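Reader: Could you pick one part of this model and take me through it slowly, then show me how the rest fits around it? I'd like to know how the part is paired, how well it is covered, and what the wider setting looks like.

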Amino acid sequence: MNMRDIIIAKRDKQSLTDEEIRFFVKGVTDGSIPDYQTSALLMAIVLNGMDDREMTTLTLEMAQSGSVLELPYIDGVAVDKHSTGGVGDKITPILLPLIASFGVEVVKLSGRGLGFTGGTVDKFESIEGFNVEVNTKDFQNYVTKTGMVISGQTPDLAPADKILYSLRDVTGTVDSIPLIASSIMSKKIAGGAKGIVLDVTCGSGAFMKDYAMAKELAEAMIKIGKLADRKTVAVITNMDQPLGRVCGNILEMQEVLNTVTGKGEEDVIEVVVELAYHLITIAKKDAGMSPEVLRSEIRARLSDGTCYEKYKELIKSQGGKLNDSGSPVYVDTPFDCMHVNSPDSGYVQSIRTDLIGQASVLLGAGRLAKTDKIDYGAGIGFFVKVGDKVERGDSLCALYTGANSNLPEERLFDAMDLILEAYEIGPEKPEKTPAILGVIT
Ligand code: URA
């Protein structure tokens, strides 16, 4: 078997055999296949696609290219959740303690932010003392203590995906349903999940710009899940405007605290409740409640103190500091340094969420290169969202930096320009789009 023939087969629109896919993934992992041949095959896959069997084999081979977590100590079905990324997406820190309060035990491996989307690990790191580098051997202790643990991805989790992803990034081969689906599912399977709930974001702030594309990606991942014997559900969520009221690390963790103490934004709550519902059901921790009762019980626990108590347990167990009133102590203080005002009167028609994400990165909340340092206090607060009325001169957003940041002034003005470009103001009140666009099982 050789790579040249495999590339030619895919170029000529043939299905690759399981042996050919195995040969490819093994060669990528051990470095025996040069980048130019890997890139050629990736491009052939982008152009000619893969069938369900090929996608599933690619997923399982990538999952097995490193160590696969066994989670025998998890009570019930080991579940995991994954979001395809967005702006203001603070769902995981709310979801973990919420489902833990129903007895759903979770080992959550999360990533850092790269590009304009945020990463859960960075958000938890904005709490003083919180340890996100948990040793795999210690996962069981945390799960026994609190029912949950959150950690950065270990280097040996699906290493073939890491190599392929960095090549895809520089060869124009990211946008491919089979490559995205197998990349995501391989990491979930390597993380030990037997049940997977996917938050497939859709809109200007997401990979998938429209509903048809998001549905196609969701269906591809569900097919892989079915063939790989993992119960998989996808919730398609709206990323045509930022989720909640803020983006940025400390700002989002402050919104998390508001949400677990009953003061959350409705769009955040809707997404959390829907994802929690599927995770609890798949983990078989629904205690026989009907869907309506379970959903209302999930919502109630966000405001009756149950989720808040579990949230504090999670923070304390991983070394995070809480003050006397039970609020996390953050590594910095967000400083409200500039407001962006509306140039017109009317209604907010749309918000280009990718531009908002880019503005947030310019302020220091994210990184463009892996080695960039984050300003945990940086971010954006949204005074108005789609459908809200504004008068000329009203504040659209507040821009934040960390209290001691010395951000060059021109970056602040570049961020302001992006925000002015992102907000479209028009005379008619637009229809509100729901936070949940669809559920695919
Ligand atoms: N997220 C991933 O993990 N992989 C992709 O290919 C795209 C988004």
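Author: Let's start with a term: two strands pair if DSSP finds at least two bridges between them. Keep in mind, too, that this is a predicted model.

The part I'd pick is strand β2, which covers residues 106–110. Its partner is strand β3, residues 148–152, and the two run parallel, joined by five bridges. If you want a spot to look at in that pairing, go to Leu109, which sits opposite Ser151 in β3.

Now for the cover. Five of the five residues in β2 are buried, so the rest of the structure largely encloses the strand. For that call, buried means a relative accessible area under 20%. In a regular strand the side chains alternate between the two faces of the sheet. With that in mind, look at β2 from both sides: Val106, Lys108 and Ser110 are on one face, Val107 and Leu109 are on the other, and all of them are buried. Notice that the buried set includes Lys108 and Ser110 as well as Val106 on that one face.

Follow β3 onward and you reach the loop between β3 and α8 (159–171), where Ala158 is found. Most residues other than glycine have a negative phi. Ala158, though, has a positive phi, near 45°. Ala158 is also buried, at a relative accessible area of 0%.

For another strand with a lot of cover, turn to β11, residues 395–402. Seven of its eight residues are buried, so β11 too is largely enclosed by the rest of the structure. The pairing here is antiparallel, and β11 has a partner on each side in an open sheet of four strands, ordered β6-β9-β11-β7. In that sheet β6 (246–247) and β7 are the edge strands, with a single partner each, so one side of each has no neighbour in the sheet.

You can walk across the sheet pair by pair. Strand β7 (residues 334–341) runs antiparallel to β11 over seven bridges, and Asn341 has Ser395 in β11 as its bridge partner. Next, β9 (residues 379–382) joins β11 through four bridges, again antiparallel, with Ile380 opposite Leu399. Finally, β6 and β9 are antiparallel and held by two bridges; there, Cys247 stands opposite Ile380. So Ile380 in β9 is a handy landmark: it faces Leu399 in β11 and is also the residue opposite Cys247.

The loops are worth a stop as well. Leading into β7 is the loop between α14 (306–317) and that strand, and Ser327 is in it. Despite being in a loop, Ser327 is buried, with a relative accessible area of 18%. Leaving out residues up to four places away in sequence, Ser327 touches Leu257, Tyr308, Lys321 and Leu322.

Two lysines in other loops give you the opposite picture. Lys284, between α12 (266–282) and α13 (291–303), is exposed at 65% relative accessible area. Its phi is positive as well, about 60°, even though it is not a glycine. Lys137 is in the loop between α6 (120–125) and α7 (139–146), and its relative accessibility of 69% makes it exposed. From Lys137 to Pro34 is 34 Å between C-alpha atoms, with the two positions 103 residues apart in the sequence count.

Stepping back to the whole protein, there are 16 helices and 13 strands. A compact globule of 441 residues would have a radius of gyration near 22 Å, and the protein agrees, with 22 Å. Its C-alpha atoms fill a box of roughly 65 × 45 × 40 Å along the principal axes. Of the 441 residues, 58% are buried, which is the backdrop for the covered β2 you started from. Among contacts with a separation of 6 or more, 79% are between residues 24 or more positions apart.

On the outside, the accessible surface is about 18,100 Å², with 50% of it belonging to carbon and sulfur atoms. As for charge, the protein has 46 positive and 62 negative charges, and their mean positions are 4 Å apart.

Key
Residues numbered from 1 in each chain as written. Predicted model: local features only at pLDDT ≥ 70, side-chain atom pairs only at ≥ 80, totals over all residues. Heavy atoms only, no water. Buried < 20%, exposed > 50% of the residue type's maximum accessible area, 1.4 Å probe, protein only. Rg over C-alpha atoms; globule rule 2.2 N^0.38 Å. Contact = heavy atoms within 4.5 Å. Areas by Shrake-Rupley, 256 points an atom, 1.4 Å probe, with all protein chains shown as cover. Lys, Arg positive; Asp, Glu negative; His and termini not counted. Charge placed at Lys NZ, Arg CZ, Asp CG, Glu CD.
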